[in-house]
Amino acid sequence: MAEKGEVAVVERAEDGKTATMRTAETLLRLLPLGLCVAALVVMLKNSQTNDFGSVSYSDLGAFKYLVHANGVCAGYSLLSAVVTAVPRPITMSRAWTFFLLDQVLTYMIIAAGAVSTEVVYLAYKGDEAITWSEACSSFGVFCHKATASVIITFVVVICYAALSLISSYRLFSRFDPPTIHPTKESEMGAFHG
């Protein structure tokens, strides 16, 4: 009789641990949603007109990619948080799906941040070798907003890196690697002679 009570206590403790982990992961999946929307809005409103002309985020392909990548990541963050919040056992297909999508979106957002960082750097410093002059002395507000959006995007990168680690840990710690069933042909050597 005492053994049943002990087993029930252990099961409740594991259920509480699982619920806490699910809540923490859901919150970690929601965090990039707000950050992506913030980076997206800052960049969407980024334009400046003065005596030297006008510049907008849409004039630069890197910034358009940053906006699109943040939009896709925000949508994925919302969808994945909803799926994670539902208490359901983790299957191998679900674990693989989260793992793959977390990896793809991590690389997508890091690429957007990297290419945008390069454009911001060129806007601040220019490149004399190809006669590209710096633009931030003329369009300072534009450069500051672009820099803010890029910084927020790199915070999103950190969140997605953490999510990638969590999903890879979940996948590779819970499920065994696929087994290979040897056949007669696979046991034979590659060279006969």
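Biologist: Is Trp 96 buried, partly exposed or exposed?

Modeller: In this predicted model, local features need pLDDT of at least 70, side-chain atom pairs count only at pLDDT 80 or more, and totals for chains, interfaces and linings use all residues. Residues are numbered from 1 along each chain as its sequence is written, and side-chain values use heavy atoms, with hydrogens and water left out. Buried means under 20% relative accessible area, exposed over 50% and partly exposed in between, with a 1.4 Å probe and protein chains only. Because its relative accessibility is 36%, Trp 96 counts as partly exposed.

Biologist: What kind of aromatic pair do Trp 96 and Phe 99 form?

Modeller: Rings of Phe, Tyr and Trp (its six-membered ring) pair if their centres lie within 6.5 Å; planes under 30 degrees apart count as stacked, over 60 as edge-to-face and the rest as tilted. The structure holds 5 aromatic pairs. For Trp 96 and Phe 99, with 5.7 Å centre to centre and 85° between the planes, the pair is edge-to-face.

Biologist: Why are Trp 96 and Phe 99 separated by about one helical turn?

Modeller: Helices (H or I, at least four residues) and strands (E, at least two) are DSSP runs, numbered from the N terminus. Trp 96 and Phe 99 are separated by about one helical turn because, in helix H3, they are 3 residues apart.

Biologist: Which parts does the pair of Phe 99 and Phe 172 tie together?

Modeller: Phe 99 is buried at 14% relative accessibility, whereas Phe 172 is exposed at 51%. Their pair is edge-to-face, at 5.3 Å centre to centre and 80° between the planes. Since the two rings lie in different helices, the pair ties together parts 73 residues apart in sequence, helix H3 and helix H4.

Biologist: Which helix gives the largest share of the largest nonpolar core?

Modeller: A nonpolar core is a set of buried Ala, Val, Leu, Ile, Met, Phe, Trp, Tyr and Cys residues joined through side-chain atoms within 4.5 Å. The largest one has 30 residues, and Met 43 is among those with the most contacts inside it. Helices H1 (2–44), H2 (61–85), H3 (92–125) and H4 (140–174) each supply at least two of its residues. The largest share, 9 residues, comes from H4.

Biologist: How far apart are the end C-alpha atoms of residues 98–124?

Modeller: UniProt, in an unreviewed entry, lists residues 98–124 among others as "transmembrane region"; its positions are given in the numbering used here, feature names are shortened, and annotations may be inferred rather than shown by experiment. Over residues 98–124 the chain is 100% helix and 0% strand, and the distance between the end C-alpha atoms is 38 Å.
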